[in-house]
Amino acid sequence: MEQKKKKPISKLNFIPVCEPVIGEKEKKYVLDCLESNWISSQGKYVDEFAKKFAQFCEVKYSVLTTSGTTALHLALMALGIGQGEEVIIPAFTMIATAFAVVYTGAKPVLVDSESETGNIDVNKIEEKITPKTKAIIPVHIYGHPCDMEPIMKLAKKYHLWVIEDAAEAHGARYKGQLCGSFGHISCFSFYANKIITMGEGGAVLTNDEEIFKKLDLLHDLAHSPEKRFSHIEIGYNYRLTNLQAAIGLAQLEKAEKFIEARRKNAFYYNKCLKDIKGLRLPREKEDVKNIYWMYGILVEKDFGMTRDKLMKTLTEKGIGSRAFFTPMHQQPIFQKMGFFKEETYPIAEEWSKKGLYLPSGSGLNKKQITYICKKIKEIAKNE
Ligand SMILES: *Cc1c(COP(=O)(O)O)cnc(C)c1O
């Protein structure tokens with residue numbers, strides 16, 4: 001049976017929401033690992049990436065981990081946080097922030113978002129601090145820096161640790177300073193859709209030598225420094241491989257280019273979408289550098305169509321998109337566990353209900369964005 005040939009709609013046939021950009025350098029470095037047999041967590045790429053990524057973030061020490069999730073867990077364990085203690089996190093975040101707290105036995109305590117950026121509302125943190133509170137984990141949502149100054153002030157006042165979840169914010173800046181260099185510890189992810197990737201991977205950064213030693217010990221099974229295979233704590237195997245670090249190093253060499261591409265693309269999206277009624281476009285607050293990890297928009301009532309309907313229509317037109325995170329208090333597992341009962345976080349809920357992100361990868365080009373925006377305009381008009 002002869003299949004009816006579809007007319008190609010050119011290369012714009014499907015635009016994925018976020019595609020990694022992998023080049024020759026990545027292949028060369030990985031091949032080097034394979035040819036030299038350095039494929040475990042020992043090898044020159046692990047050492048070099050650890051050093052260069054810390055430099056990139058302008059932080060002294062780094063420990064590489066298997067993911068952003070394990071980076072967060074390791075950070076909490078290194079600070080000795082656990083049972084009977086509380087950690088403040090935003091209600092609107094990716095689940096890993098909350099899971100990491102739960103792994104330790106501590107209780108996540110939620111704070112609503114500010115409406116402009118979706119980031120933790122710094123004016124609502126203090127009311128959640130109790131004698132059990134040990135740490136705050138601000139999350140730089142979709143690449144927009146949190147308001148770090150008041151967070152660090154609060155932490156100082158109440159003697160709390162600050163762990164930045166910078167998984168979405170490589171290279172973002174707040175008042176000129178890099179995200180990931182404010183907290184006592186910061187955590188990054190190198191998952192495939194992150195600014196730089198190695199497929200899976202993570203990093204924990206700190207300027208504190210003691211904390212670094214603890215992170216380093218715990219991430220590798222807590223071997224005694226004096227005697228290998230004699231273990232002085234409950235440790236973890238959270239080690240990253242040389243193969244992953246090889247990809248990461250090639251990516252890191254292009255990090256600034258990727259960031260500039262995301263910013264340029266975001267500004268072009270803004271220009272094309274600004275006149276459409278009922279779309280709230282991402283912001284860049286004064287004195288920050290948003291890296292627009294994801295180009296997220298909010299669909300308001302006067303757009304004339306729900307977020308879900310818009311996403312469905314975009315898919316039909318070959319355009320990938322994703323709904324924003326579900327807030328922590330609405331997660332089925334936490335409801336089942338009886339967490340956050342009767343709690344409401346109106347801004348987090350609004351963001352979750354109205355938000356979606358459009359294709360945002362660093363390899364996205366102007367032609368594709370033009371096409372996406374043209375389709376959105378058509379959809380808006382027909383409604
Ligand atoms: C991606 C992400 C993580 C988790 O990283 P993984 O490497 O996927 O485990 C944690 N927090 C935030 C905010 C993220 O976006």
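Start by selecting Glu233, a partly exposed residue with a relative accessible area of 35%. Before you go further, keep in mind that this is a predicted model.

**Stop 1: Glu233 and its partner**

With Glu233 still highlighted, add Lys214: the two form a salt bridge, and their closest N and O atoms are 3.5 Å apart. Lys214 sits in helix α6 (residues 209-219), while Glu233 belongs to the loop between α6 and α7 (242-252), so this contact ties together parts that are 19 residues apart in sequence. Lys214 is partly exposed as well, at 27% relative accessibility.

**Stop 2: Arg280 and Glu300**

Now select Glu300 and Arg280. They form a salt bridge whose closest N and O atoms are 2.8 Å apart. Here too, distant parts of the chain are linked: Glu300 is in the loop between β12 (295-299) and α9 (307-316), Arg280 is in strand β10 (residues 279-280), and the two are 20 residues apart. How do the two ends stand, buried or partly exposed? Glu300 counts as buried at 18% relative accessibility, whereas Arg280 is partly exposed with a relative accessible area of 25%.

Keep both on screen and add Glu350 and Lys354. Arg280, Glu300, Glu350 and Lys354 are linked in a network of salt bridges.

**Stop 3: Lys124 and Asp121**

Move on to Lys124 and Asp121, whose side chains meet in a salt bridge of 3.6 Å, N to O. Colour them by accessibility: Lys124 is partly exposed, with a relative accessible area of 32%, and Asp121 is buried, at 11%. If you would like to list every such pair in the model, expect 24 salt bridges.

**Stop 4: a run of parallel strands**

Switch to a cartoon view and pick out strand β2 (residues 86-90) and strand β4 (residues 133-136). These pair in the parallel sense over three bridges. To find one of the contacts, select Ile88, whose bridge partner in β4 is Ile136.

Stay on Ile136 and look towards strand β5 (residues 161-165), which pairs with β4 in the parallel sense over two bridges. Which residue of β5 stands opposite Ile136? Select Val162 to see it. For another contact between these strands, select Ala135, whose bridge partner in β5 is Trp161.

Next, bring in strand β8 (residues 185-189), which runs parallel to β5 and is joined to it by three bridges. Asp165 is a good residue to click here, because it takes you across to β8, where Cys187 stands opposite. While β5 is selected, check its accessibility too: the strand is mostly covered, with four of its five residues buried.

**Stop 5: helix α5**

Add helix α5 (residues 148-158) to the selection of β4 and β5. Together, the three elements make a right-handed β-α-β unit.

Show the side chains of Met148, Ile151, Leu154 and Ala155, which are buried in α5. Turn the view until you look down the helix axis: the buried residues of α5 fall within an arc of 125°, so they line one face of the helix. An α-helix has 3.6 residues a turn, so residues three or four places apart point the same way. Now highlight the other side of α5, where Lys153, Lys156 and Lys157 are exposed.

**Stop 6: a small set of antiparallel strands**

Select β7, β6 and β11. They make up an open sheet of three strands, in the order β7-β6-β11, with antiparallel pairing. β7 (177-178) and β11 (288-289) stand at the edges with a single partner strand each, so one side of each is left without a neighbour in the sheet.

Zoom in on strand β6 (residues 173-174), which is joined to β7 by two bridges and runs antiparallel to it. Tyr174 is one of the residues to click, and its bridge partner in β7 is Gln177.

**Stop 7: a nonpolar patch**

Finish on the surface. Select Leu31, Leu34 and Ile39, which form a nonpolar patch with about 270 Å² of accessible area together. Of these, Leu31 is found in helix α1 (residues 24-36) and is partly exposed, with a relative accessible area of 45%.

Notes
Residues are numbered from 1 along each chain as its sequence is written. This is a predicted model: local features need pLDDT of at least 70, side-chain atom pairs count only at pLDDT 80 or more; totals for chains, interfaces and linings use all residues. Side-chain values use heavy atoms; hydrogens and water are left out. Patches are made of residues with over 30% relative accessible area and no salt bridge: like charges are joined within 9 Å, nonpolar side chains (Val, Leu, Ile, Met, Phe, Trp, Tyr) within 5 Å. Accessible areas come from the Shrake-Rupley method with a 1.4 Å probe; for residues, only the protein chains shown count as cover. A salt bridge is a side-chain nitrogen of Lys or Arg within 4 Å of a carboxyl oxygen of Asp or Glu. Buried means under 20% relative accessible area, exposed over 50%, partly exposed in between (1.4 Å probe, protein chains only). Two strands pair if DSSP finds at least two bridges between them. A crossover is right-handed if, with the strands pointing away from the viewer, the path from the first strand over the helix to the second runs clockwise. The arc is that of the directions from the helix axis to the C-beta atoms.
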